[in-house]
Amino acid sequence: MSFFSFLKQNWPELSTLLRQHLWLVLVSTFVAVAIGIPTGILLTRRKSLRGPVLGIANIMQTIPSLALFGFLIPLPFFGGIGARTAIVALVVYALLPIIRNTVTGIVGVDPNVREAAVAMGMTGPQILWQVELPLAMPVIITGVRVAMVIGIGVATIAAAVGAGGLGVYIFRGLRQYDNNLLLAGAVPAALMALTADFGLGLLERHFSLPNRRKGSTKSRLKVIALVAVAVIVLTLFFGGYLSAWRSSRLANAPANSARIVVGSKDFTESAILAEIVAQMLEARSVTVERDYELGGNLPHDAMLGGRLDIYPEYTGTSYTAILHHQPITDPRAVYEQVKKEYAEKFGVAVSEPLGFENTFAILIRGVEARRLKLKTISEAARYAPNWRAGFGQDFMSRADGYPGFSKAYGLKFAEQPREMDLSLTYIALASNKVDLIAGNSTEGRIAALDLFQLEDDRHYFPPYEAVYLVRQDTLARVAQLREVLTKLAHSISTDEMRQLNYEVDANKRNQAEVVREWIKRKGF
Amino acid sequence: MSETLKKPLVEFKDVSFAHPSAAAPIISHLNFSVAPGETLVLLGESGCGKTTTLKLINCLLMPAAGEVVVEGKATTAWDPIRLRRRTGYVIQEGGLFPHFTVAQNVGLVPALEGWQQARIKSRVAELLSLVGLEPGEFADRYPAELSGGQRQRIGVARALAADPPLLLLDEPFGALDPLTRASLQREFSDLSKRLNKTAVFVTHDVREALLLGSRIGLMHAGKLLLLETPKNFLNSNNEQAIAYLETLRVSAGSVQEDAP
């Protein structure tokens, strides 16, 4: 499919994401300006506060965005999942350039001019409004410009906390190895950044001194025309968005008792499993809110914070990453331990296993496997010194990942394994950038990219049975949930799961549609 | 001159001033008065305290000891804003607002005082003509579009805008080229006589002091050494005064700077 026909076909969704993105950036920039400029002014009046406040703003800006989102989710008022959390994070990032430039701009006003203002008998507020702010304006607008461009970039990560925006396409595109999706997310974001930069640049030039000449009425008219066009475009955009938002709010309000928030992690399989529950619940007239594609342990934090009711998880992940136990190989023991501890510690129920395991799959290219006649990891170990490996951040860092794995099989590679985004490792392997990766056993692209899974002949990897984690109070509140989970117990085989993943990842089919067909076929 | 018999407009009574951080006082035990209509020139090298003295008059600084009396009232008793609006202030390069037009700069104090637009406009035109600039040509320009001499004229016009009884000038012509400076000095001399303004004028240029002052106050290290009319200053046997006059004689022979 060409990029342009992709755009044409997905225009409604893309325009929604664009609006969400713009909305996030504009609201956060507006809030940051409303906080940042007065703060900057205060700092010019109270010199002793300047160091500490700018220091704090500086530190806030160095927090990695995903970490900041993770930190915000459990917070009572600012946190949660969705636009509000994203806006809070974006405001945090936007504050530093705005505060700093307000201070720099005002402090930079010619002392002769300020002295003249005082000596002419101007009062403090008159000096601020008539002299300092107008003269500092170009510098302040530069700050807003920087903040906005940063915001447009960071807002792509907002997709990780379910706030939508163009990041949804970027994350999805990375996961599905789909350049159209990647471009459809990245290009509009880049264009938006350039437009904001250019527009604010015009405004900045308008306020700078050499332009204030007799002829400037002309350029003033031009700026006014530009602002008018911008306002019209934004109004059209948000008019539709707001009315849609309001009506969806109204529709949701009365159904509160049978309303449920379904979450997923940021990879296809998790989203498919979440969608299965969501659709089955909707068929039983439960109102479902979807918060998919949450990164790292965000779904866990969100569930404990009461902002998520249910999400799919793997027992092994809960056992090692959440409960911090050493990995063991008995699936039943893992399941029982997780179930017991989740009930005690978190008030969270664990469903019956869904019927398939998703464990680390050590993958090489199919061509290579056939040429060297390799079946197991042990057999492959002797070729490893000539190979390069690429692993996801997760696999590199966890105890049951690379450190233990390489020891168990005595593996040594040609160079230190590359640490990269998990989605990207499949692409890296298929395109000969690396020679061995650790993927997911149910990954749809294993077949699509002709990759070969080496057998874990020493049974190193612990079992990762798929289950749903549900808040116990939700289980009590929504009667339909128990029925749905009972139906789903032991109902998805590894092959079936791989097939579902393949449909979405390789055939690039709509996930909701794939799930709908599967539910129909199963007669759920 | 009958004005010298009137009550002084500005009076320094044993005034001292020191920066909180500095050990030595910037000025100490200053006593003098400025009579209505006269131009008192404070002459001295950089750091002698002459600018500090000027700033004590319009409440930009407050005395550490003694009191500065303006129009019969100590500066500590004045509302600083009121006093400053009754006092014209001219600094080097004019200190014009770069984002204001010439008309806005000149009309600043009248606008602050809430005058009607029409009155401000006619006053601005009147003042621009007074300082030798064609109102139609200059009113809508910005300071960056003017020459140094023109900016200085605007600075003087702005100080005169609300017709204040007192003018304070801090080396207003210091940054100008010699020819422009000489012509502005002449014009200022005429203007202050014609308008009968009282002025305190700070400079380090002895020629300027002799040309403009009705009296010259010679300052050194925060003290007033001498307070004389130009005629008496020329004949003074004070060492500092002689040193200043000496530079005048030498430079007249060899340096082009002060050649008329």
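Start by selecting strand E9 (residues 215-220) and strand E10 (residues 223-228) of chain B, which run antiparallel and are joined by 5 bridges. Bear in mind throughout that this is a predicted model. Within the pair, B:Leu218 can be picked out opposite B:Leu226 of E10(B). Now move to the turn of this hairpin, where 2 residues lie between the strands and where B:Ala221 takes a positive phi near 50 degrees.

**The open sheet of chain B**

Staying in chain B, select strands E2, E1, E4 and E5 and colour them in that order, for these 4 strands form an open sheet in the order E2-E1-E4-E5, with antiparallel pairing. Its edge strands are E2 (27-34) and E5 of chain B, each of which pairs on one side only. Inside the sheet, strand E1 (residues 10-17) of chain B pairs with E4(B) in the antiparallel sense over 5 bridges, and B:Ser16 can be found opposite B:Ala65 in E4(B). Next add helix H1 (residues 50-57) of chain B, which packs on the sheet and touches E1, E2 and E4 of chain B, while its direction makes about 120 degrees with that of E1(B).

From there, go to the loop between strand E4 (65-70) and strand E5 (73-74) of chain B and select B:Glu71, which is found in that loop. The phi of B:Glu71 is near 50 degrees, a positive value in a residue other than glycine. Is B:Glu71 buried, exposed or partly exposed? With 16 other C-beta atoms within 10 Å, B:Glu71 is partly exposed.

Before leaving this chain, show the whole of chain B, whose secondary structure comes to 11 helices and 10 strands. Of its 260 residues, 44% count as buried. If the contacts in chain B between residues at least 6 apart in sequence are considered, 67% of them join residues at least 24 apart.

**Where the chains meet**

Now display both chains and select the contact between them, to which chain A gives 19 residues and chain B gives 18 residues. On the side of chain A that touches chain B, helix H6 (111-119) and helix H7 (124-154) of chain A each supply at least two residues. The largest share of that side, 6 residues, comes from H6(A). By class, the residues of the side of chain A that touches chain B divide into 11 nonpolar, 4 polar and 4 charged.

Zoom in on H6(A) and select its buried residues, which are A:Val113, A:Ala116, A:Ala117, A:Val118 and A:Ala119. What covers these buried residues of H6(A)? The cover includes H7 of chain A, together with helix H2 (80-85) and strand E6 (87-91) of chain B, so to see these elements both chains should be kept on display. Following H6(A) comes A:Gly121, whose phi is positive, near 90 degrees.

**Two packed helices of chain A**

Keep H7(A) on display and add helix H5 (residues 83-107) of chain A, which packs with H7(A) at an angle of about 160 degrees, the axes being 8 Å apart. Angles over 145 degrees count as roughly antiparallel, and H5(A) and H7(A) are therefore roughly antiparallel to each other. The crossing of H5(A) and H7(A) is right-handed.

To see the residues that meet here, select on the side of H5(A) a set including A:Leu90, A:Tyr93, A:Ala94, A:Pro97 and A:Ile98. On the side of H7(A), the residues in this contact include A:Val139, A:Ile140, A:Val146, A:Ala147, A:Ile150 and A:Val154. Taken by class, the contact of H5(A) with H7(A) has 14 nonpolar, 7 polar and 2 charged residues.

**Helix H20 and the loop after it**

For the last stop, stay in chain A and select A:Arg445, which is found in helix H20 of chain A. With 25 C-beta neighbours inside 10 Å, A:Arg445 counts as buried. Then add A:Gln499, which is 54 residues from A:Arg445 along the chain, and note that the C-alpha atoms of the two are separated by 9.7 Å.

Finally, move on to A:Asp450, whose place is in the loop between helix H20 (445-448) and strand E9 (451-454) of chain A. A:Asp450 has a positive phi of about 55 degrees although it is not a glycine. A:Asp450 counts as partly exposed, with 13 C-beta neighbours inside 10 Å.

How values were computed: Residues are numbered from 1 along each chain as its sequence is written. Chains are lettered from A and ligands numbered from 1 in the order in which they are written. This is a predicted model: local features need pLDDT of at least 70, side-chain atom pairs count only at pLDDT 80 or more; totals for chains, interfaces and linings use all residues. Two residues are in contact if their C-beta atoms, placed from the backbone, lie within 7 Å. Ala, Val, Leu, Ile, Met, Phe, Trp, Tyr, Cys and Pro count as nonpolar, Asp, Glu, Lys and Arg as charged, and the others, Gly among them, as polar. A residue is buried if 20 or more other C-beta atoms lie within 10 Å of its own, exposed if 12 or fewer, and partly exposed in between; C-beta atoms are placed from the backbone. Axes are lines fitted to C-alpha atoms, for helices over the stretch in contact, and angles run from 0 to 180 degrees between N-to-C directions. Angles under 35 degrees count as roughly parallel, over 145 as roughly antiparallel, 65 to 115 as roughly perpendicular and the rest as oblique. A crossing is left-handed if the near helix is turned anticlockwise from the far one by less than a right angle, and right-handed if clockwise. Two strands pair if DSSP finds at least two bridges between them.
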